[in-house]
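The following exercises are to be worked through with the sequence and the three-dimensional structure at hand. Each task is followed by a solution in steps.

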Amino acid sequence: NPTLKPSPLRAGRPPLPGGPPAFLGNGGCHMGKGRYLLKRLIYIVFVFFIISILMFFIYKAMPGDPVTMMLGDAKNNMRPDDYLELYNRTRAQLGLDKPLVVQYLIWIGNMLTGDFGYSTQYKQQVIQVIGAPMMNTLMLNALSMVVVFVIAIPLGIATAVHKNTFFDKFVQVITIVGYSLPSFIIALLFIFAFAVKIPIFPISGIRSPGFTGTGTAYVLDTLWHMALPVIVMAISGIGSITRYVRAEMIDVLRMDYIKTARAKGLREKTVIYVHAFRNALIPIVTIATAWVVSLFGGSIVIENVFLYPGLGQMLINGLMQRDFSVVLTMQMFYVVLSLAGNVIMDIAYTIVDPRVRLEN
């Protein structure tokens with residue numbers, strides 16, 4: 001984990017009013033970062049393989065036969081001998097006739113080279129199946145993140161500055177409600193309010209049926225369909241991020257160097273946004289990064305409620321149809337996202353506070 005090491009020249013002294021002091025180091029700092037990142041990379045590779053083994057054998061232990069699901073009603077339309085021959089041939093083509101250890105080695109080897117296997121549900125390569133849904137999920141989550149950070153960070157700062165006022169208490173009540181309610185409950189309430197009672201937004205899909213527009217019309221139609229899912233996903237995020245920003249800003253605004261900055265006659269906006277917010281960023285980065293990583297997992301529920309054609313709906317369908325190639329590919333995507341998020345969080349520490357050094 002990153003450790004906080006201020007400059008030896010200011011050991012035992014409070015932070016400067018302008019924020020954390022720059023680290024007075026040498027090339028060893030860059031070497032430390034390189035060693036740290038190398039170790040983190042080795043750690044990611046190790047954890048990736050451990051999780052891949054666990055996920056592979058867990059899914060293989062699940063009941064159900066993907067070959068039977070793939071062949072569908074062929075059993076009813078063929079003679080038993082012909083169906084058995086087709087079943088065995090299909091099983092061999094999918095590599096399911098080999099021992100589980102061999103199946104895993106083939107699967108992980110192909111995945112590392114970009115071959116994610118064959119989808120028994122869609123009858124084509126997984127890479128061709130998940131392209132469009134992954135892009136839809138990335139758009140949904142990216143837009144939700146933008147909405148959350150644009151609203152939550154200024155709102156958290158404002159409530160901290162106006163602590164214990166009516167505005168602060170009102171925002172606290174709203175954020176607690178948004179943070180506490182499950183996302184699918186919020187989704188159902190918004191569907192009832194803004195799609196049934198007041199039909200403003202559509203409740204399914206990503207584009208209007210038969211839509212052929214391009215350019216601005218295409219973007220607006222897509223955003224119109226994404227509006228409700230984005231709002232629902234943003235509500236819980238706004239609640240949690242706002243409360244964390246408020247709490248950290250309140251702690252920082254109590255510091256002596258903030259009082260010193262105000263006593264020197266600095267503008268209040270400069271004190272708050274340049275001095276105080278900068279020192280409050282490290283805990284906020286931690287929470288924000290964890291929230292971003294969990295956001296992709298949480299969108300699975302929202303995508304299914306709104307019938308949004310993303311990875312969430314495909315994951316549920318893959319589980320129901322025993323399409324393990326699709327399911328495993330998406331699960332490993334979430335694993336890589338989570339592991340990469342931890343490293344990005346550590347690097348972000350050094351950006352927001354030069355005193356932070358990535359060490360062994």
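**Exercise 1.** Locate asparagine 136 in this predicted model, and decide whether asparagine 136 is buried or exposed.

*Solution.*
Step 1. Asparagine 136 belongs to helix H6.
Step 2. The relative accessible area of asparagine 136 is 10%. A residue counts as buried when this value is under 20%.
Step 3. Asparagine 136 is therefore buried.
Step 4. With neighbours within four places in sequence left aside, the contacts of asparagine 136 are Ile206, Tyr308, Pro309 and Gly310.

**Exercise 2.** Test whether the distance between the ends of helix H6 agrees with its number of residues, and state where H6 has a kink.

*Solution.*
Step 1. Helix H6 covers residues 126-161, which is 36 residues.
Step 2. The expected span is 1.5 Å times one less than the number of residues, so for H6 a value of 52 Å follows.
Step 3. In the model, the end C-alpha atoms of H6 are 51 Å apart, which agrees with the expected span.
Step 4. H6 nevertheless has a kink of about 30 degrees at alanine 132, shortly before proline 133.

**Exercise 3.** Determine which residues valine 292 and leucine 295 contact, and how far each lies from alanine 142 in sequence and in space.

*Solution.*
Step 1. Valine 292 lies in helix H12, and leucine 295 is also found in H12.
Step 2. Valine 292 is separated from alanine 142 by 150 residues in sequence, but their C-alpha atoms are 9.2 Å apart in space.
Step 3. For leucine 295 and alanine 142, the separation is 153 residues in sequence and 9.7 Å between C-alpha atoms.
Step 4. Apart from neighbours within four places in sequence, valine 292 is in contact with Met145 and Phe149. On the same terms, leucine 295 is in contact with Asn141, Ser144, Met145 and Met233.
Step 5. Because its relative accessible area is 6%, leucine 295 counts as buried.
Step 6. For the protein as a whole, 74% of the contacts between residues at least 6 apart in sequence join residues at least 24 apart.

**Exercise 4.** Describe the backbone angle phi of lysine 123 and of leucine 307, and place both residues in the chain.

*Solution.*
Step 1. Most residues other than glycine have a negative phi.
Step 2. Lysine 123 has a positive phi, near 60 degrees. Lysine 123 sits in the loop between strand E2 (118-119) and strand E3 (124-125).
Step 3. Since its relative accessibility is 42%, lysine 123 counts as partly exposed.
Step 4. Leucine 307 also has a positive phi, near 50 degrees. The loop that holds leucine 307 runs between helix H12 (281-305) and helix H13 (311-320).

**Exercise 5.** State the volume of the largest pocket and describe its lining.

*Solution.*
Step 1. The volume of the largest pocket is about 480 Å³.
Step 2. Its lining consists of 22 residues, and those nearest the centre are Leu94, Trp107, Gly117, Tyr118 and Ser325.
Step 3. Helices that each supply at least two lining residues are H1 (27-60), H5 (100-112) and H14 (324-352). The largest share, four residues, comes from H5.
Step 4. By class, the lining holds 10 nonpolar, eight polar and four charged residues.

**Exercise 6.** State how many helices and strands the protein has, and what share of its residues is buried.

*Solution.*
Step 1. There are 14 helices and four strands in the protein.
Step 2. Of the 360 residues, 38% are buried.

Conventions. Residues numbered from 1 in each chain as written. Predicted model: local features only at pLDDT ≥ 70, side-chain atom pairs only at ≥ 80, totals over all residues. Heavy atoms only, no water. Bend = angle between axes of the 7 residues up to and from the residue. 1 Å grid on protein atoms, 1.4 Å probe; cavity = no way out; pocket = protein on both sides within 12 Å on 5 of 7 lines; lining within 4 Å. Points joined across faces, edges and corners; volume = space filled by probe spheres on them. Nonpolar A, V, L, I, M, F, W, Y, C, P; charged D, E, K, R; others polar. Buried < 20%, exposed > 50% of the residue type's maximum accessible area, 1.4 Å probe, protein only. Contact = heavy atoms within 4.5 Å.
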